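Please take a moment to look over the sequence and the model shown below. The paragraphs after it lead through the structure step by step, beginning with a question.

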Amino acid sequence: MNTTATPQLIETPANIPGGAQYQHLAYVDAYDAVLNCDYAFVAYKETDGFGSRVRIKSSQTAGAVFEPDAMKSNARSTSAQGKTWFQWGYSFDPSASDPRCIQFRVHVANGQPSEIEIFVQLRKFDGSADAPKSVKFPWPA
């Protein structure tokens, strides 16, 4: 998690008077030395005339939208399978030739979404896996 005073590389959108309202939830960034590129992710709650949802916006990849009904349904199914989390939205899973891993994980407790995690592991200059970075935040009420 970014805890320094440096500015974020991507921001939560500004509220729109009379329109959508945004609440910042989390931020994480990571550097891929092979591409010489910064990746940044911001999570926020969006509330508008249609309800509320969580969005993750990314500087370099697709993001994700977490609609409450879809999360409840998937959380229930995940719990029934004895699992503690499921992936949602964009992902980049590691392979034998590329250790990068970008996953948006919805953690579950008692059949309900409990928190969301942004998990990022990029590469060192030699192509090996760098230390993973992760940020979790509670599923908004």
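How many of the 12 residues of strand 2 are buried? To approach this question with care, it helps to begin with the whole chain, keeping in mind throughout that what is shown is a predicted model.

The chain contains one helix and eight strands, and, read from the N terminus on, these elements follow one another in the order β-β-β-β-α-β-β-β-β. The radius of gyration of the chain is 16 Å, which is close to the 14 Å given by the globule rule for 141 residues, so the chain is as compact as a globular protein of that length. Along its principal axes the C-alpha trace spans about 45 × 40 × 25 Å.

Some further totals describe the chain as a whole. Of its 141 residues, 38% count as buried, while the chain exposes about 7,600 Å², of which carbon and sulfur atoms supply 51%. When contacts between residues at least 6 apart in sequence are considered, 40% of them join residues that are at least 24 apart. The chain carries 13 positive and 14 negative charges, and the mean positions of these two groups are 5 Å apart.

With this setting in place, the question about strand 2 can be answered. Strand 2 covers residues 37–48, and nine of its 12 residues are buried, where buried means a relative accessible area under 20%; strand 2 is therefore largely enclosed by the rest of the structure.

Which strands pair with strand 2? On one hand, strand 1 and strand 2 pair in the antiparallel sense over 11 bridges, and within this pairing Asp29 stands opposite Ala40 in strand 2. On the other hand, strand 2 and strand 3, the latter made of residues 51–58, pair in the antiparallel sense over eight bridges, with Lys45 having Val54 in strand 3 as its bridge partner. The connection from strand 2 to strand 3 is a hairpin that passes through two residues.

From strand 3 the path can be followed onward to strand 4, which consists of residues 64–66. Strand 3 and strand 4 again pair in the antiparallel sense, here over three bridges, and a hairpin of five residues joins them. Val54, already met as the bridge partner of Lys45, also stands opposite Phe66 in strand 4. As a matter of background for reading such pairings, side chains in a regular strand alternate between the two faces of the sheet.

The turn that leads into strand 2 deserves a closer look. Strand 1 and strand 2 form a hairpin with four residues between them, and Asn36, which is found in the loop between strand 1 (21–32) and strand 2, has a positive phi of about 55° although it is not a glycine. Most residues other than glycine have a negative phi. Is Asn36 buried or exposed? With a relative accessible area of 58%, Asn36 is exposed.

A residue further along the chain can be described in similar terms. Asn110 lies in the loop between strand 6 (101–109) and strand 7 (112–121), and its phi is near 55°, a positive value in a residue other than glycine. Asn110 counts as exposed, at 79% relative accessibility.

Key
Residues numbered from 1 in each chain as written. Predicted model: local features only at pLDDT ≥ 70, side-chain atom pairs only at ≥ 80, totals over all residues. Heavy atoms only, no water. Pairing = 2+ DSSP bridges. Rg over C-alpha atoms; globule rule 2.2 N^0.38 Å. Buried < 20%, exposed > 50% of the residue type's maximum accessible area, 1.4 Å probe, protein only. Contact = heavy atoms within 4.5 Å. Areas by Shrake-Rupley, 256 points an atom, 1.4 Å probe, with all protein chains shown as cover. Lys, Arg positive; Asp, Glu negative; His and termini not counted. Charge placed at Lys NZ, Arg CZ, Asp CG, Glu CD.
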